[in-house]
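Please open the model in your viewer and keep the selection tool at hand; this short tour moves from one selection to the next and says what is to be found at each stop.

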Amino acid sequence: MDEIDFRRGVLPCVLAALAWALLGPVSRVCFAEGMSVASVSFWRVAVSGLCFLIHAGVLKELRPSRRDFGLIALFGMLDVPLFMLTFQVSILLSGGAVAVILLFTAPAWVAVFSRLLFHEGLGAAKLAAMGIAMAGTGLVCLSGGSLGEEVSWIGLGSGLLSGFLYAMQFPFLSWWGRKYSTASMFAMMFLPAAAVLLPFIDFAMPTAKGTAAIGVLSIISTYVAYFLFGISLRRLTPVQAAIIGNVEPVAGLLLSWWLWNEDFTAVGWVGCALVLVSVLILSVRR
């Protein structure tokens with residue numbers, strides 16, 4: 001991979017991270033409007049999956065073999081629903097700011113998967129960046145969350161599990177991205193995932209504010225964000241994309257602080273700063 005590919009991969013990766021940063025504060029709008037965790041998760045993957053299907057259909061990209069479709073759909077049914085649910089539970093119980101920070105335990109898992117599946121080397125700079133990011137997320141956990149309430153171990157555990165499930169998507173998308181377009185892959189993943197979530201949703205009509213929030217989550221924070229992220233994975237290694245994506249928790253926690261008055265203790269803010277340092281290490285190295 002040359003320097004030009006790296007630079008072209010960084011911009012869509014950062015833009016995707018900024019779109020994902022809206023997940024915490026916007027999800028809290030949905031919860032405030034009476035929507036359940038399952039309903040928010042379902043509408044997010046159903047609407048965005050439909051967008052990806054239309055996108056792939058217009059460009060005539062959706063022509064998978066039966067075997068490939070089965071494997072991609074199976075991954076979508078196993079990973080995506082649980083990832084969406086655990087992430088939303090973390091937002092609900094521990095706050096949007098802490099949820100996005102805990103999501104970024106993912107780089108350590110991505111490093112393990114990439115080493116095992118792609119034989120990707122781990123230099124000193126990558127290891128240092130991942131170590132600092134992990135230390136930062138650890139301090140955030142010790143701070144107890146960003147809601148200023150009693151610590152929810154279910155919320156913290158859900159956030160950590162969402163990071164593991166999120167990490168599994170990096171090598172999977174990198175592998176299949178060699179054969180299928182971004183829109184095709186997410187259409188094949190998200191629509192089966194929506195089918196899994198369908199029996200658990202509340203069929204009550206959301207309010208106008210809740211509908212608008214779902215639109216932001218589905219179109220901006222999922223369809224647009226994942227499309228940009230898919231582009232970045234064609235030009236970056238999985239570990240690079242995971243570490244650069246640490247822009248997301250920093251932007252997400254600032255938005256949650258600004259919009260919902262979520263706050264951390266001093267220990268929590270130090271942890272957030274360490275996450276940002278991990279991003280800077282990779283940038284300086286390049």
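Begin with the salt bridges of this predicted model, of which the count comes to 2. Select R67, D68 and K179 together, since these residues are linked in a network of salt bridges.

Now centre the view on D68, which counts as buried because its relative accessibility is 3%, under the 20% cut-off. Its side chain meets that of R67 in a salt bridge, with 3.7 Å from N to O, and R67 is exposed, at a relative accessible area of 61%.

Next, turn to K179, which also forms a salt bridge with D68, the closest N and O atoms lying 2.6 Å apart. This pair links distant parts of the chain, for K179 sits in the loop between α8 (153-176) and α9 (182-197), whereas D68 belongs to helix α4 (residues 66-94), and 111 residues separate them. K179 is exposed, because its relative accessible area of 54% is over 50%.

From D68, extend the selection to the whole of α4, which has 29 residues and reaches 41 Å from its first C-alpha to its last, close to the 42 Å expected at 1.5 Å a residue. Where along this helix should you look for the kink in α4? Select G76, on which a kink of about 30° is centred.

Finish by selecting G95, the residue that follows α4, and check its backbone torsion: its phi is positive, near 110°.

Conventions. Residues numbered from 1 in each chain as written. Predicted model: local features only at pLDDT ≥ 70, side-chain atom pairs only at ≥ 80, totals over all residues. Heavy atoms only, no water. Salt bridge = Lys/Arg side-chain N within 4 Å of Asp/Glu carboxyl O. Buried < 20%, exposed > 50% of the residue type's maximum accessible area, 1.4 Å probe, protein only. Helix = DSSP H or I, 4+ residues; strand = E, 2+ residues; numbered from the N terminus. Expected span 1.5 Å × (residues − 1). Bend = angle between axes of the 7 residues up to and from the residue.
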